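Colleague: Hey, I've just opened this one for the first time. Could you walk me through it?

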Amino acid sequence: MPAPALIFVQRQRLGELMGHLRDLSQTAPGESVDVLVTENTNLKHRVQQLTRDHRLLQERLEGARSNLRFADKRVTDLEMQVLELQSHRGAGRGVGHVPL
């Protein structure tokens, strides 16, 4: 095919493709905007829900840590009582003392 004919064919094809792009850009943006607005709204709701869930989990974590600190303190107190009782019993044992 001669060069001028090839250029003509390419220009025709280019014109057709540009027409397709124009048609798509006229129909798609309106639909795209609606879809994007809806998706954006859904994502904002999801972010709000995740923020609430995160806050709730943070509060639960703080409560669990507080309970753990209390339990650790209680265990330490009980261990001290056991050691004191053992030391009192051990000190009470003398020569000839028979355990009960």
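Modeller: Sure, here's a quick tour, starting with some ground rules.
Modeller: This is a predicted model, where local features need pLDDT of at least 70, side-chain atom pairs count only at pLDDT 80 or more, and totals for chains, interfaces and linings use all residues. Residues are numbered from 1 along each chain as its sequence is written, and side-chain values use heavy atoms, with hydrogens and water left out.

Colleague: Okay, how many helices and strands does the chain have?
Modeller: The chain has 1 helix and 0 strands. Helices (H or I, at least four residues) and strands (E, at least two) are DSSP runs, numbered from the N terminus. Helix H1 covers 3–92, and Met1 sits in the segment before it.

Colleague: And what share of the 100 residues is buried?
Modeller: Just 1% of the 100 residues. Buried means under 20% relative accessible area, exposed means over 50%, and partly exposed is in between (1.4 Å probe, protein chains only).

Colleague: What does the accessible surface of the chain come to?
Modeller: About 9,400 Å², with 62% of that belonging to carbon and sulfur atoms. Those areas come from the Shrake-Rupley method with a 1.4 Å probe, and for residues only the protein chains shown count as cover.

Colleague: Switching topic: how many salt bridges turn up in the whole structure?
Modeller: The search finds 2. A salt bridge is a side-chain nitrogen of Lys or Arg within 4 Å of a carboxyl oxygen of Asp or Glu.
Modeller: One pairs Glu16 with Arg13, their closest N and O atoms being 3.3 Å apart. The other joins Asp77 and Lys73, at 3.4 Å from N to O.

Colleague: How far apart along helix H1 are Asp77 and Lys73?
Modeller: They're 4 residues apart, so about one helical turn separates them. Glu16 and Arg13 are 3 residues apart in helix H1, so there too it's about one helical turn.

Colleague: Are Asp77 and Lys73 buried or exposed?
Modeller: Asp77 is partly exposed at 33%, whereas Lys73 counts as exposed because its relative accessibility is 52%. Glu16 is partly exposed at 43%, and Arg13 is partly exposed at 46%.

Colleague: Back to Met1, which nonpolar patch is it part of?
Modeller: Met1 forms one on the surface with Leu6, Phe8 and Val9, and together they have about 430 Å² of accessible area. Met1 itself counts as exposed, because its relative accessibility is 72%.

Colleague: What makes a patch?
Modeller: Residues with over 30% relative accessible area and no salt bridge: like charges are joined within 9 Å, nonpolar side chains (Val, Leu, Ile, Met, Phe, Trp, Tyr) within 5 Å.
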